[in-house]
Amino acid sequence: MLALNPLSLLRPFFSLLFFGGLSSMSLASDQSSFPDIFRQSYLLEQGVNFGNALEAPQEGDWGIRLEERYFDLIKAAGFKTVRLPVRWSAHAQEKPPYTIDPAFFERIDWAIDKATERGLNIVINLHHYDELFKNPSVHQPRFSAIWEQVSSRYQNRPANLLFELCNEPHDIDSDRWNQMILEVLPIVRSTNPRRGVIIGGTDWNSLKKLSELKLPESDRYLIGTFHLYAPFKFTHQGAEWIPGSKAWLGTQWLGSSEEKECIRIELDHAVDWWEKNRRPIWIGEFGAYSKADLPSRCRWTEFIVRECEWRHLPWAYWEFGAGFGLYDRLQKKWNLLLLRALFPFFAFPKV
Ligand code: BGC
């Protein structure tokens, strides 16, 4: 059952306290000064994914390469957080010690710097490591070695860099995924005892499977995550990577009471998870593909954001400048209707 979390009432106070402290923290490498995980989770508010760039096999393969001005654009639009999907597995040796390519690491350093220089919070994840789910026992050592390198490299960064262990685990059951988490998390914790670590359930980060996660009770620096793409036939109509999705073309989202209720139920479940587990929760992806009609996309996006806001559920829109995109890179223009669905008071682009 849904009940308002009393912590959410203290949110403005926490934000002041925390954001006030963040600038002084930015030089500190000692994580003992990191705030508790609820305050860290406030950093995840109003986010956008830089999708299709660094999780493509090679950056640029899927049409988008990150540019410094994109960070200015999202900052000016009002986003506070960037989620950066990263395909580490395409840039690490296949055999032990599974060294990550130094040039790729520098590219990620660059992206983190560009975000944090502008006061944006940033989540880096591990994206599209599909081999891990095809053969978990063979790939677990490589998965761990990647996180060992990533977490030690960034251990001195301030608390507004967060880690997300793995995007959308799939084709494995929750027991197996729980086991994999237990193996990799201590590696991250050996260098990052208090950094926010984000973890979702199997079935492509479904909300349903989130409740099957068995996170270590003693670790109080974890944030749950799930992806919201309901109804899938609407959000993924015509998506080239989803077999059969052409047949869904033309599906609208009109905001009927039944349509709204389906989304409210999901969000209420998310709040239940938060209360039951005493851990914050984050919607790391939600968005509707550009093959859906724009009025429906705007209605759906706006409804989700407003429903998240009063529940104090932080979100990150999928994504900035590709197929679900808010920004048209060729015309160098925001899709203002979609952007206003996220930020109703957004007036004119400042950059
Ligand atoms: C996947 C993308 C996909 C998106 C929506 C992401 O997690 O990495 O490839 O476009 O979900 O389906």
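**View 1. Composition of the shell around the ligand in this predicted model.** The residues of the shell that encloses the ligand divide into 4 nonpolar, 4 polar and 2 charged. Those surrounding the ligand are H127, H128, N167, E168, Y229, H236, W241, E285, W318 and F324, and the ligand itself sits in the largest pocket.

**View 2. Polar side-chain atoms beside oxygen atoms of the ligand.** A polar side-chain atom of H128 lies 3.3 Å from an oxygen atom of the ligand, and an N or O atom in the side chain of N167 is 3.3 Å from a ligand oxygen atom. For E168, a side-chain N or O atom is likewise placed 3.3 Å from an oxygen atom of the ligand. Taken alone, the ligand exposes 310 Å², of which the protein buries 89%.

**View 3. Two residues other than glycine with positive phi, E168 and K332.** Most residues other than glycine have a negative phi. E168, in the loop between β4 (161–164) and α8 (174–191), has a phi near 45 degrees, and its relative accessible area of 15% makes this residue buried. K332, found in the loop between β9 (327–328) and β10 (333–334), has a phi near 55 degrees, and K332 counts as exposed at 54% relative accessibility.

**View 4. Cis peptide bonds at P96–P97 and A230–P231.** Most peptide bonds are trans. The bond joining P96 and P97 is cis, with omega about 5 degrees, and P97 lies in the loop between β2 (81–84) and α5 (102–117). A cis bond also joins A230 and P231, where omega is about -5 degrees, and P231 belongs to the loop between β6 (222–228) and α11 (232–235).

How values were computed:
Residues are numbered from 1 along each chain as its sequence is written. This is a predicted model: local features need pLDDT of at least 70, side-chain atom pairs count only at pLDDT 80 or more; totals for chains, interfaces and linings use all residues. Side-chain values use heavy atoms; hydrogens and water are left out. A residue is near a molecule or strand if one of its heavy atoms lies within 4 Å of it. A polar contact is a pair of N or O atoms within 3.5 Å; within protein, one must be able to donate a hydrogen and the other to accept it, and residues adjacent in sequence count only if both atoms are side-chain atoms. Accessible areas come from the Shrake-Rupley method with a 1.4 Å probe; for residues, only the protein chains shown count as cover. On a 1 Å grid over the protein atoms alone, a cavity is a set of points where a 1.4 Å probe fits but cannot get out, and a pocket is an open set with protein on both sides within 12 Å along at least five of seven lines; lining residues have an atom within 4 Å of a point. A molecule sits in a cavity or pocket if more than half of its atoms lie within 2 Å of its grid points. Ala, Val, Leu, Ile, Met, Phe, Trp, Tyr, Cys and Pro count as nonpolar, Asp, Glu, Lys and Arg as charged, and the others, Gly among them, as polar. Helices (H or I, at least four residues) and strands (E, at least two) are DSSP runs, numbered from the N terminus. Buried means under 20% relative accessible area, exposed over 50%, partly exposed in between (1.4 Å probe, protein chains only).
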